[in-house]
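Reader: I am new to this structure and would like a close look at a single part of it, explained with care.

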Amino acid sequence: MNTTTDNREQVRAKSVAALTPEIVAYIESCAQDVFPHSHLISVLHKVQHQFGYLGREQLDAVAQLLQVPASKVTGVATFYHFFRLEPRGRFVINVCMGTACYVKGAERVADKLKEELGIQFGETTSDGLFSLEGTRCLGACGLAPVVMIDDKIFGDMTPDQIPALIEKHVKLAQSE
Ligand code: FES
């Protein structure tokens, strides 16, 4: 075995270690296609679904295994808002900023969350507990303004309810 082959195998082993066997198999089947890059978005979706976000290691591994330039992989991952490049918090708080919620004070609820957590939309608290996102209509307009934490809906929210809601989830995390 020559040095080039050794090196190629080391790079492949590193890429495989950054993903799961299922994802590696999927990428390798996509790589057989005439246009492997046409599978890039679906590959990134699978990686994000598995890991919760797209880390540097995973992006490099996708580039290697799919044989697509790393700059292209990074470009796609950063272009689409549904891809996350940072890990999410233990709890993901979505504040509905849809029309019905907005009219009923969603912005004040969002401002209180930002103030209490010390983060903006799209950010995660430094302790890794909370990520905060603004979202479109959650389909619960009758309960406006609505906040969703993970998959649980909290309706008729007011800014003064926010500290207790956060505290409740801090305690929940401590009890895990
Ligand atoms: S606008 Fe907020 S749930 Fe519909």
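Author: What follows is a look at one pair of helices and how they meet. This is a predicted model, in which local features need pLDDT of at least 70, side-chain atom pairs count only at pLDDT 80 or more, and totals for chains, interfaces and linings use all residues. Residues are numbered from 1 along each chain as its sequence is written, and side-chain values use heavy atoms, with hydrogens and water left out.

Helix 4 spans residues 56–66 and helix 5 residues 70–79, where helices are DSSP runs (H or I, at least four residues) numbered from the N terminus. Their axes, which are lines fitted to C-alpha atoms over the stretch in contact, lie 8 Å apart and make an angle of about 125°, on a scale that runs from 0 to 180 degrees between N-to-C directions. The two helices are therefore oblique to each other, since angles under 35 degrees count as roughly parallel, over 145 as roughly antiparallel, 65 to 115 as roughly perpendicular and the rest as oblique.

On the helix 4 side, Arg-56, Leu-59, Val-62 and Ala-63 meet Ala-70, Val-73, Thr-74 and Ala-77 of helix 5, contact being heavy atoms within 4.5 Å. The residues of this contact divide into six nonpolar, one polar and one charged. Among the buried residues of helix 4 are Leu-59, Val-62 and Ala-63, where buried means under 20% relative accessible area (1.4 Å probe, protein chains only). After helix 4 comes Gln-67, with a positive phi near 60°.

Conventions: Nonpolar A, V, L, I, M, F, W, Y, C, P; charged D, E, K, R; others polar. Buried < 20%, exposed > 50% of the residue type's maximum accessible area, 1.4 Å probe, protein only.
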